[in-house]
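Let's take a friendly walk through a protein chain together. Have the 3D view ready so you can find each place as it comes up.

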Amino acid sequence: MKALARFILRYRLWVMLGVLAITAFFGFSIRNIKVQTDMLASLPEDDSDVIAFKDIGKRYGGNYIAMVAIEAEEGDPLGVFSRENLSLLRRLTRAIAKTDGVRQVNSLTNILDIKKTDSGLEVGKLLPRDKIPADPARLKALRDYTLSKSMYKDNLVSADARYTVVVARLQPGVNKQVVAAAIKKTSRQVAGTRKLYFGGLPMVMDYMNQVIYHDMSALIPLVSIIILITLYLSFRTLTGVLLPLVTVFLSVVWVLGLMALTGAPISMVSAIMPVVLIACGTAYGIHVINKYYEDNSGIRSNGPDEYGVMEATLSEVGVPLVMAALTTFIGFASLLSADLSIIRDFGVYTSLGIIAALVLSLTFVPAVLSLKRFGNRHKKTDKGEGGSSKPGLLSRFTAALGPLSLEHRKLIILLALVFTGASIALLPRIKTEVNMTTYFEKKSEPRVAQELMEHHFGGATPVLVKVQGDMKDPAVVKLMRLLEQELDAMPHVHNAQSIAYLVAEMNRTMNNRFVVPAGRKGLGNLWVFIDGNDILEQMVNTDMTEAIVQAKVDREDTAVFKDIALRVSGLAGRFEQPRFKLPASSVPPGKQKDFARVLAGHVGHRIWLDLSASEKDPPAEDRLVVMVESAMKIASLPDKKVDQKVISMIADYLGGDEAEIELAGKAVETASREMTRLVREKNLTRKNIEKVLKAVMSVSDYDSKKDYEEDLSYVPQMASSLVTLAREVVSKEHINKMYKALEPLVEAAGKKDPDLGSKVRADLWETQEPVLYLTATEYERVTGTKPDKKSAVTISVRETDLPLIAGELDSRLKRSQLNSLGLALVLVLVLMMIQLRSLVGGLVSMIPIVLTVVLNFGVMCALGVPLDNATMMVASVAIGIGIDYTIHFTSRFRSEFKRADGDLGTALSVTLSTTGRAIVINSATVLLGFLVLMFSRTAPIQRFGWLTASTMLYSSLAAMILVPSVAFATGAKYLQKWNGSSGSTPPGGNKPASREKNGGKNPST
């Protein structure tokens, strides 16, 4: 270090010019730095979940959703269905659709609508393309119709009609925050003074972008002011105040310029790097200046010449500074082991900033101090603050800590053990959080919008489950409908929809039952109506081999996201079991009871899912299955009323316009009588109906034999229609009977879901299906034979959404915490062992840090502070910075112990009143610097700030009190041989006579 001092003093002007040139180079590069707020960017590109998520976005219209909500004026009877509001909604929809980066836009003004017409089914738009109704009656009818459809209610319009949303899907690969900002700007221009709410992750990312710029512009000046005040109170000289701060400013410029040159973006985490560097980096300059002032004030000065003073300064503090910087470097560099790129980037560039601050402190600071007009402006007095001849308050405070460590070391150690044990006991309560929306205060724009979206629209975060299978196969589409029900039954999941939902909705419109048709032909007939519609692009691929089930999460919470991912994973295993087709008519006679139990199990499970989606405490599923089985038995009992309804239907059909054959009046009467007999005999089959029809038809009733033969050819078709209609009548009556048995349960739960009754009726329709799809176990139980594996229906189910990504982020966050913490502890321990040349010394020096880390986690658990992208760094930062205090204390104590000829009290008193003073200044500076982060607009940074600040307090006090207490209690030899030629007093021996060995003089004066 003496050689370095001579070199710096000889070439001090070149050193300063070189520093300024480097700063100018990096400062010019800063203009190219970018901001990144996409949480997906934290994960590796080759992560399987990331690949799947991006793939879904490319093929199904994007998976990043931005939502813009309009609020109707309070008290408006039509709500958002007034002409003014619908006109605004249409303008807003069209304007957002034209925004660069937007792929698809949905709102009430362009959404698909399914209506029944005289000719069958019509699939069009909910609102006319070019005209919005002006008549209040028509608008009210539109409102009532829209709110009657679960496809729209709580999805695009709130149940009270007060809010409606425009949902925009962003194109894959675009800058989400830029597109979100453009949507906001466009929306505000269109809406004027109207209140708008912006929800969805892209909107959160845009807000985070604003917060990052705000924090950097506000926090850097604030921390600088606080550091300036702290330095002034510590040194009372212009050089002592400005030089450490200028030094660390230079290191910040270097690092930001390097980030710009290497393409590393500013994230929520790395945005605080300048504040961290200013808070931490000033420490090195503080120690150099503090020691320089001490030596230059006549206390053991190596001479009045500047070379001697600077050599003495760098010789004594140089190595400890390098060691302290290395440990801090290790603390931040340990974050390189993190599984998240934003944490790694912060670790890389902050650790480089620490090295830059060290280099500048050992070169630039001495060069400036060597200029007499800067370095010698302090008063050459003793150690009192402000240059007074009397020991200052700070020196007296630190000196008083010596007797505390000597006389009460056992109590100090006991208290440390108690706090450590209590903190460890709290560790199981630690939780994690990775969702950005929760990072902002409750009144912030994203939180207000998120609360609205959760309350009125089921949330703004999509759940996407990819299903692979033949989408033209009814079995596959039925399974997708069941998957929708499973998702809706999950806590916090709502509005699950897919192509299966659309098919069931079309079937309800046409046939008044919300189920997927059992046959390929029936399914194919419905496909025709939506073939080519834009909405299919969001639901199914072009070759009909893959589709998406979409839902929404009503709560931005990592624990909720993880629970959803776990549940969907469990569903995937169940749904991927092969299903086998079993016609109800082919069940062996002796297996009817087994078939009924299996069927009741299927239906009971569906009903239980619907009840679970409507209330928190649904009846037990087993109970529901028993109730369904009992209802099935009741419904299957002979019922003359049902028979009479079938008979009436036949009579009406035979004499009506819909009959395929127009029978003569007498023939109609005869056919009705014969078919009535068949109904009562339970023998109304297609074959028997054909016999009846042929028997009542006579050539004499026709104008020609050709007409007779033509009608005769329609007999099979008419017989089939009659059987189908008869089954329809019987099925409806059976459904009514079963529903009546379950109605009390439905009414109790239906208060929250008016559609629950129709959902339960749809579930009951499965009891009337001609074909069932069973697992291998169920098939063997019902038929007594193993199914043919060639006939298996299989699907693949995989979640590919943001909740899954959040779960992956959560897992990587925990791994990152363990990896970085373990690496930092091991590396710092090795470094301390090398410096002290002692295993015991290394272990003892780690005690304050281990205590600090454990206390930090204990405080987090006790106060409910989650582990997030910022707070997971606290432990590593505490290790890297906090160990510095132990290094400085130990290094100075060993030197003073030699100078005091083994006088323990003298060595400790001098150490605490000199280096202890610098430690207090250093820790106070760092502590206050980190507390500045509490003025951030994001909760993780606020928590990171005060948690790290508290660790500075723990570690500095532990370095000055706990380390000597443990060392003295154990007689640790790494500090000095307590018994030997030096004449030192062992820690457990008599109280050292510090004053006698120094002529009665207090070493701190």
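Our first stop is Leu250, which sits in helix H8, a helix made of residues 238-262. Keep in mind that the whole model is predicted. Is Leu250 buried or exposed? Leu250 has a relative accessible area of 10%, and because the cut-off for a buried residue is under 20%, Leu250 counts as buried. Which residues does Leu250 touch, if we skip those up to four places away in sequence? They are Val19, Thr23, Leu360 and Phe364. You can also use Leu250 to get a feeling for distance: Gly807 comes 557 residues away along the chain, and the C-alpha atoms of Leu250 and Gly807 are separated by 39 Å.

Next, look for Ser351. This serine belongs to helix H11, which covers residues 341-369. Ser351 is buried, with a relative accessible area of 3%. Leaving out residues up to four places away in sequence, Ser351 touches Phe329, Phe332, Ala333 and Phe346.

Now move from helices to a strand. Tyr163 lies in strand E5, made of residues 163-170. With 8% relative accessibility, Tyr163 counts as buried. Setting aside neighbours within four places in sequence, Tyr163 has a list of contacts that includes Ile70, Glu71 and Val80. Further along the sequence, Tyr197, Leu452, His456 and Phe457 are also among the contacts of Tyr163. For another distance, try Glu681: Tyr163 and Glu681 are 518 residues apart along the chain, and 58 Å separates their C-alpha atoms.

Our last helix stop is Ser955, found in helix H34 (residues 939-970). How buried is Ser955? Its relative accessible area is 0%, so Ser955 is buried. Its contacts, not counting residues up to four places away in sequence, are Pro848, Ile849, Thr852, Gly882 and Tyr885.

Two cysteines are worth finding as well. Here they are beside the residues we have visited.

| Residue | Relative accessible area | Status |
|---|---|---|
| Leu250 | 10% | buried |
| Ser351 | 3% | buried |
| Tyr163 | 8% | buried |
| Ser955 | 0% | buried |
| Cys280 | 3% | buried |
| Cys861 | 3% | buried |

How many disulfides does a search of the whole structure find? The answer is zero.

Now zoom out to the whole chain. It holds 34 helices and 12 strands. Of its 1005 residues, 58% count as buried. The accessible surface comes to about 42300 Å², and carbon and sulfur atoms provide 56% of that surface.

What about the overall shape? The C-alpha atoms fill a box of roughly 145 × 60 × 50 Å along the principal axes. The radius of gyration of the chain is 40 Å, whereas a compact globule of 1005 residues would have one near 30 Å.

The contacts tell us how the sequence comes together in space. Among contacts in the chain with a separation of 6 or more, 78% are between residues 24 or more positions apart.

Finally, think about charge. The chain carries 118 positive and 100 negative charges, and the mean positions of these two groups are 9 Å apart.

Conventions. Residues numbered from 1 in each chain as written. Predicted model: local features only at pLDDT ≥ 70, side-chain atom pairs only at ≥ 80, totals over all residues. Heavy atoms only, no water. Helix = DSSP H or I, 4+ residues; strand = E, 2+ residues; numbered from the N terminus. Rg over C-alpha atoms; globule rule 2.2 N^0.38 Å. Buried < 20%, exposed > 50% of the residue type's maximum accessible area, 1.4 Å probe, protein only. Contact = heavy atoms within 4.5 Å. Areas by Shrake-Rupley, 256 points an atom, 1.4 Å probe, with all protein chains shown as cover. Lys, Arg positive; Asp, Glu negative; His and termini not counted. Charge placed at Lys NZ, Arg CZ, Asp CG, Glu CD. Disulfide = S-S within 2.5 Å.
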